[in-house]
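Thank you all for making the time this morning. I would like to walk you through a structure that may be new to you, taking it one place after another, so please have the view open as I go along.

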Amino acid sequence: MQYQVSNNAAADVQASCIVVTLDQSGKLSDAAQAINSASNGFLQARVEAGDISGKLAETLLLPGVAGISAARVLLVGVGDKELNTTSAIKVLDAIASATSKQSGSVAVSLAHLADNTLNEAWWAEQTAMAFGRAQYRFTATKPVTETEAEEQPKQADTLIWLGDDVSSSLEKGEAVAQGVNYARDLGNLPGNICTPSYLAEEAEKLAADNANVETIVIDEDQMEAMGAGAFVSVAKGSIEPGKLIIMKYQGADNADEAPHMILGKGITFDTGGISLKPGAKMDEMKYDMCGAASVLGAMQAMVALQPKQNIIGMITSAENMPAGHASKPGDVVTSLSGKTIEILNTDAEGRLVLCDALTYGINHFKPASIVDIATLTGACMAALGGVNSGLFTQDESLADELQNAARYSNDKVWRLPLEDDYQELLDTNFADMANIGGPLAGATTAACFLARFTEGTPWAHLDIAGTAWGGAGKSKGASGRPVPLLVNYLLAK
């Protein structure tokens, strides 16, 4: 999508559609009032006729309004309360949805909604993101035929912002939206296409297209040779070779500046291994690589934005399959750190591939901080549903940074406990630790497990099991979360 900034009067804006607002009392915004005056009271007549009340996110599309230059007017309600991030984004999503089937340009008059909390730059950024969400289509495995393409309505190609010059915010929103949609595409791909090798190829494309990105791929045999027994215990059950994928973005003036690392779990299909999952909804286990998808999406956005910092995006990827040589409950393996792990449940595999990646990342890159992202536990999904991702950390500064980014982006997180008291639930007679901690506090004990491999490094864990995908039937799909959170977190470093 292209972006323009204009200071033209609302009635004079040349566009396929112009968006103006009213509140729940029926009061038209200044731009809406200007159009109303130019059209001899047409908008006010629609309000008085009850065609629109102004309640939050209500829309009314009016074609052929006399006296103005735009071909259509979209009236959108902003409710009767002060807007917060959640309600404001509902308004923006309603606008994007109502105009998503129109070709040409869409002009939006929303600057008057800005305040000290949600400033004009925020509104512009989130508007670009809303249009990106609305225009997303997954066609990789269900391509559109020529006939279908002709029948489908065209999409808007230009967004005109009426107000101050917020071009950089529009461009940021576009970059984040593209990163989100890239992550959605990766998540929605089936496991027979999106394999660990496929993710490695995608990371290599990022490096091929950008001079300040280097991609390193370490294969399963190399991981085994270096002693990454936890990773190999998961990967060895599949004919698809596991991969540790590293994307190094060098943007800081000082090449030796410590990088900030994001690490994504990339289990491209999770059967549970020998601890086999129930068959119902097992198809959704293609989404067990959405942590990896969010890292690729965030890295794509950061490369587009070119910040002056060093970033490492790491993906630890494998398939978790049952086989004659797969790990068994009760097996004991030695991790890259040298710590031994009793595998009590092969379906708790994400933490096994992550722990060796954490050790490798810390040892080789000495990062200033690490955030790992994983569809790790059903327990987190049960606790938080599909609204909040689970946030675990004992680093208060890191917690504040991630929560601030979550509030700004409306990519919500909820902090869950990570006290040392929970660590004893991982104790076992047969190794340094077990890979599960029993039936209680499952999301926390999973985070406790990972914490044992991060000592001395600021670290946080995001459990996105409930937020990475959702819906059913035709509405099922990856969300692209937490790409907005990750981008805003990194940009604030």
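Tyr422 sits in the loop that joins β15 (413–415) to β16 (433–434), and please keep in mind from here on that what you are looking at is a predicted model. With a relative accessible area of 26%, Tyr422 is partly exposed. If you set Tyr422 against Ala94, the two are 328 residues apart in sequence, and from C-alpha to C-alpha they are 44 Å apart in space.

Let me turn to the helix α4. This helix has 15 residues, covering residues 120–134, and at 1.5 Å a residue it should span 21 Å; the C-alpha atoms at its ends are in fact 21 Å apart, so the expected span and the modelled one agree. At the N-terminal end of α4 there is a cap, provided by Asn119, where a side-chain oxygen lies 3.3 Å from the backbone nitrogen of Ala121. Is α4 mostly covered or mostly open? It is mostly covered, with 12 of its 15 residues buried, and among them are Glu120, Ala124, Glu125, Gln126, Met129 and Phe131.

Two further residues of that buried set are Trp122 and Trp123, and they bring me to the aromatic rings. Searching the whole structure gives 4 aromatic pairs. In one of them, the rings of Trp122 and Trp123 have centres 5.5 Å apart and planes at 90 degrees, and the pair is therefore edge-to-face, since an angle over 60 degrees is what that word requires. Trp122 has 1% relative accessibility and so counts as buried, while Trp123, at 0% relative accessibility, counts as buried too. A further pair is made by Tyr360 and Phe365, whose ring centres are 6.2 Å apart and whose planes stand at 65 degrees, so that this pair is edge-to-face as well. Here Tyr360 is at 9% relative accessibility and counts as buried, and Phe365, at 16%, also counts as buried, because the cut-off for that word is under 20%.

Aromatic rings also have charged side chains over them in two places that I would like to show you. Arg46 lies over the face of Phe42, at 4.8 Å from the ring centre, and Lys339 lies over the face of Phe453, at 5.2 Å from the ring centre.

Next, the inside of the model. How many cavities of 30 Å³ or more does a search of the whole structure find? The search finds 1 such cavity, and the largest cavity holds about 70 Å³ of space. The residues that line the largest cavity include Ser233, Val234, Gly237, Gly273, Asn320 and Met321, and further along the chain Ile343, Thr346, Glu349 and Leu352.

I would now like to go through some backbone details, beginning with Pro482, which lies in the loop between β19 (477–478) and α15. The peptide bond that leads from Arg481 into Pro482 is cis, with omega near 5 degrees. As for α15, which runs over residues 483–491, 8 of its 9 residues are buried, and the helix is therefore largely enclosed by the rest of the structure. The buried residues of α15 include Val483, Pro484, Asn488 and Tyr489.

Two other residues deserve a look for their phi angles. Lys281, in the loop between β9 (260–270) and α10 (290–305), has phi near 65 degrees, which is a positive value in a residue other than glycine. Lys281 is exposed, having a relative accessible area of 60%. Gln306, placed in the loop between α10 and β10 (310–320), likewise has a positive phi although it is not glycine, with a value near 55 degrees. At 42% relative accessibility, Gln306 counts as partly exposed.

Let me end in strand β9, where His260 is found. Is His260 buried or exposed? His260 is buried, with a relative accessible area of 13%, and its side chain makes a polar contact of 2.7 Å with the side chain of Ser369. I will stop there, and I am happy to go back to any of these places with you.

Methods:
Residues numbered from 1 in each chain as written. Predicted model: local features only at pLDDT ≥ 70, side-chain atom pairs only at ≥ 80, totals over all residues. Heavy atoms only, no water. Phe/Tyr/Trp six-rings, centres within 6.5 Å; stacked < 30°, edge-to-face > 60°. Buried < 20%, exposed > 50% of the residue type's maximum accessible area, 1.4 Å probe, protein only. Lys NZ or Arg CZ within 6 Å of the ring centre and 35° of its normal. Helix = DSSP H or I, 4+ residues; strand = E, 2+ residues; numbered from the N terminus. Expected span 1.5 Å × (residues − 1). Polar contact = N/O pair within 3.5 Å; in protein donor to acceptor, adjacent residues only side chain to side chain. 1 Å grid on protein atoms, 1.4 Å probe; cavity = no way out; pocket = protein on both sides within 12 Å on 5 of 7 lines; lining within 4 Å. Points joined across faces, edges and corners; volume = space filled by probe spheres on them.
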